[in-house]
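Welcome! Below is a friendly tour of one protein chain, grouped by topic so that you can follow along on the structure itself.

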Amino acid sequence: MIKIVGISLMLLGMTLSGQTQDDSIQFSKISAEILNHGKGYTELHDLTKNIGNRLSGSEAYEKSVQWAAQKLRDAGADKVWLQEVIIPVWERGKESLRIKTDTGKTKSLKMLSLGNSEGTGGKDVSGEIIMVKSLEEYDRLPAEKIKDKIIFFNHPFDQSPVQTFIAYRDAGAYRRTAAALTAKKGGKFAIIRSLSSGQDDVPHTGNMKYEDNLEKVPAICIGNTTADELEQLLKTQKVIATLNSNCGMKGEKLSHSVIGEITGKKDKDVIVVGGHLDSWDVGEGAHDDGAGIVQSIEVLRTFKKLGIQNNHTIRAVCFANEENGTKGGKQYGKTAKETHEKHIFAIESDAGGFSPRGISLEMDDEKRKQIQSWIKLFLPYGIYNFEGKYSGSDIAPLHEMGVPTAELVPDPQRYFDIHHTEEDTFEKVNRRELLLGSAVMTQLIYMIDKNW
């Protein structure tokens, strides 16, 4: 019988082969190194407090590029470089939302423009609010009832699924399409209820999309408390909303993803571990996705510190522009394809720095079953869920090229309380939870490198 971080495998009803015992010892070394000496938590503090939020195209993002390059060097990467990416530039500017009821009462509402939304050009745009709770309800409304109105998509985040990403995907349709749907029927602008699991009044921003040949009307979000209050008002009164915003697209610019690697001892085949370096322009981008960045850098540091001789090249990628364009991931995939660089695996961490619970596997059945067969090694670290079949958006171009991809699955219960908000700060991150995610990613990369 052996013990790993104090958990007896015999108590788990398991027996391990001699080879698996060797792996379990390596798992223990990896975990002990990171939990005792990991740099990720202090590096996340540095990133969030000394640079802060990092919207693509901003001065802060450019500072984070140099920061990431230096951290990869400090981690012991054999090679560090910047990959050029042409990114869209969006700026928020000043914005406000006021409402007035038919009794004459006025009130300012807390709000955020959605990412990539056009604004009002600094002018007041007003109209009566029409509320719908579903896309089906909106579809039933005739265009004449919507023309020159403000459409409030009051679709609540479904609290029923234990896996909160299910509810997020459901509610996400409203964020993406609200502006285009409003424009199709002549509405002036769209309001959406935030994609939030929290019981608070914090607006959640996020990316939206326009459709060709339609007017680019503004789209904004409000928090759950404000949405509930507005719903109650609309049941008894006519409500006029006035939006004034200065947001909009400002063209494109040259920026960079940041890449560091440890050269393989056996071949040049590449294993990627990554996250996205950019964030929205509110909060500090701690969970989304500063956590994924420092966890990925920690993988390289731990391989170097423990002297693990990797067969294949292990590459940490800090992707640019995931939030409002995914240009970094697309450029990385394009470059890999053009240079015929062979990738054998890629994993992304972009679901927060909470306690890891699993690894989602987007790959063929043979590879999936092989990784699932390692569950005995991962269970002592709380990793039990290997059922997911999705992976991150930045590594999607690699998956399209046939590369097996994966995503770290942290506990999801708190993520959508703070996702894309001013509340996504360093203080919301727990040191041990963050570092345990680093350990699990390093353990997985160790097994992939050894067995593939």
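Arg176, Lys209, Lys327 and Lys330 together form a positive patch on the surface. Keep in mind as you look around that this is a predicted model. One member of the patch, lysine 330, belongs to helix 9, which covers residues 327–338. Lysine 330 has a relative accessibility of 47%, so it counts as partly exposed.

**Salt bridges across the chain**

- How many salt bridges does a search of the whole structure find? The search finds 24.
- As general background, side chains of opposite charge can pair when their charged atoms come close.
- Aspartate 23 and lysine 450 are one such pair, with their side chains meeting in a salt bridge at 2.5 Å, N to O. This pair links distant parts of the chain, since aspartate 23 sits in helix 1 (residues 18–37) and lysine 450 in helix 14 (residues 431–451), 427 residues apart.
- The two partners differ in burial: aspartate 23 is buried because its relative accessible area of 4% is under the 20% cut-off, whereas lysine 450, at 31%, is partly exposed.
- Arginine 92 forms a salt bridge with aspartate 281, and their closest N and O atoms are 2.7 Å apart. Arginine 92 is in the loop between strand 3 (79–91) and strand 4 (95–101), while aspartate 281 is in the loop between strand 13 (270–276) and helix 8 (286–306), so the pair ties together parts that are 189 residues apart in sequence.
- Is arginine 92 buried or exposed? With a relative accessible area of 9%, arginine 92 is buried. Its partner, aspartate 281, counts as partly exposed at 21% relative accessibility.
- Glutamate 229 and lysine 107 also meet through their side chains in a salt bridge, at 3.3 Å, N to O. Here too the pair links distant parts of the chain: glutamate 229 is in helix 7 (residues 224–236) and lysine 107 in strand 5 (residues 106–109), 122 residues apart.
- Glutamate 229 is partly exposed, with a relative accessible area of 39%, and lysine 107 counts as partly exposed at 42%.
- Salt bridges with shared partners join Glu33, Glu298, Arg301 and Lys305 into one network.

**Backbone features to look for**

- For context, most residues other than glycine have a negative phi, and most peptide bonds are trans.
- Which peptide bond is cis, with omega near 0°? That is the bond from aspartate 288 to aspartate 289, and aspartate 289 has its place in helix 8.
- Asparagine 321 is not a glycine, yet its phi is positive, near 60°. Asparagine 321 lies in the loop between strand 14 (313–319) and helix 9, and it counts as buried because its relative accessibility is 0%.
- Threonine 326 has a positive phi as well, about 55°, although it is not a glycine. Its place is in the loop between strand 14 and helix 9, and a relative accessible area of 18% makes threonine 326 buried.

**Three loop residues**

- Serine 134 lies in the loop between strand 7 (125–132) and helix 4 (135–140). Serine 134 is buried, with a relative accessible area of 17%.
- A polar atom of the serine 134 side chain lies 3.0 Å from the backbone nitrogen of glutamate 137.
- Glycine 121 is found in the loop between strand 6 (112–113) and strand 7. Glycine 121 counts as exposed because its relative accessibility of 64% is over the 50% cut-off.
- How far apart in space are glycine 121 and cysteine 247? They are 7.7 Å apart, C-alpha to C-alpha, with their positions 126 residues apart in sequence.
- Serine 391 lies in the loop between helix 11 (375–378) and helix 12 (396–400). With a relative accessible area of 14%, serine 391 is buried.
- Serine 391 and lysine 238 are 153 residues apart in sequence, and their C-alpha atoms are 45 Å apart in space.

Note on methods:
Residues are numbered from 1 along each chain as its sequence is written. This is a predicted model: local features need pLDDT of at least 70, side-chain atom pairs count only at pLDDT 80 or more; totals for chains, interfaces and linings use all residues. Side-chain values use heavy atoms; hydrogens and water are left out. Patches are made of residues with over 30% relative accessible area and no salt bridge: like charges are joined within 9 Å, nonpolar side chains (Val, Leu, Ile, Met, Phe, Trp, Tyr) within 5 Å. Accessible areas come from the Shrake-Rupley method with a 1.4 Å probe; for residues, only the protein chains shown count as cover. A salt bridge is a side-chain nitrogen of Lys or Arg within 4 Å of a carboxyl oxygen of Asp or Glu. Lys and Arg count as positive and Asp and Glu as negative; His and the chain ends are not counted. The place of a charge is taken as NZ of Lys, CZ of Arg, CG of Asp or CD of Glu. Helices (H or I, at least four residues) and strands (E, at least two) are DSSP runs, numbered from the N terminus. Buried means under 20% relative accessible area, exposed over 50%, partly exposed in between (1.4 Å probe, protein chains only). A polar contact is a pair of N or O atoms within 3.5 Å; within protein, one must be able to donate a hydrogen and the other to accept it, and residues adjacent in sequence count only if both atoms are side-chain atoms.
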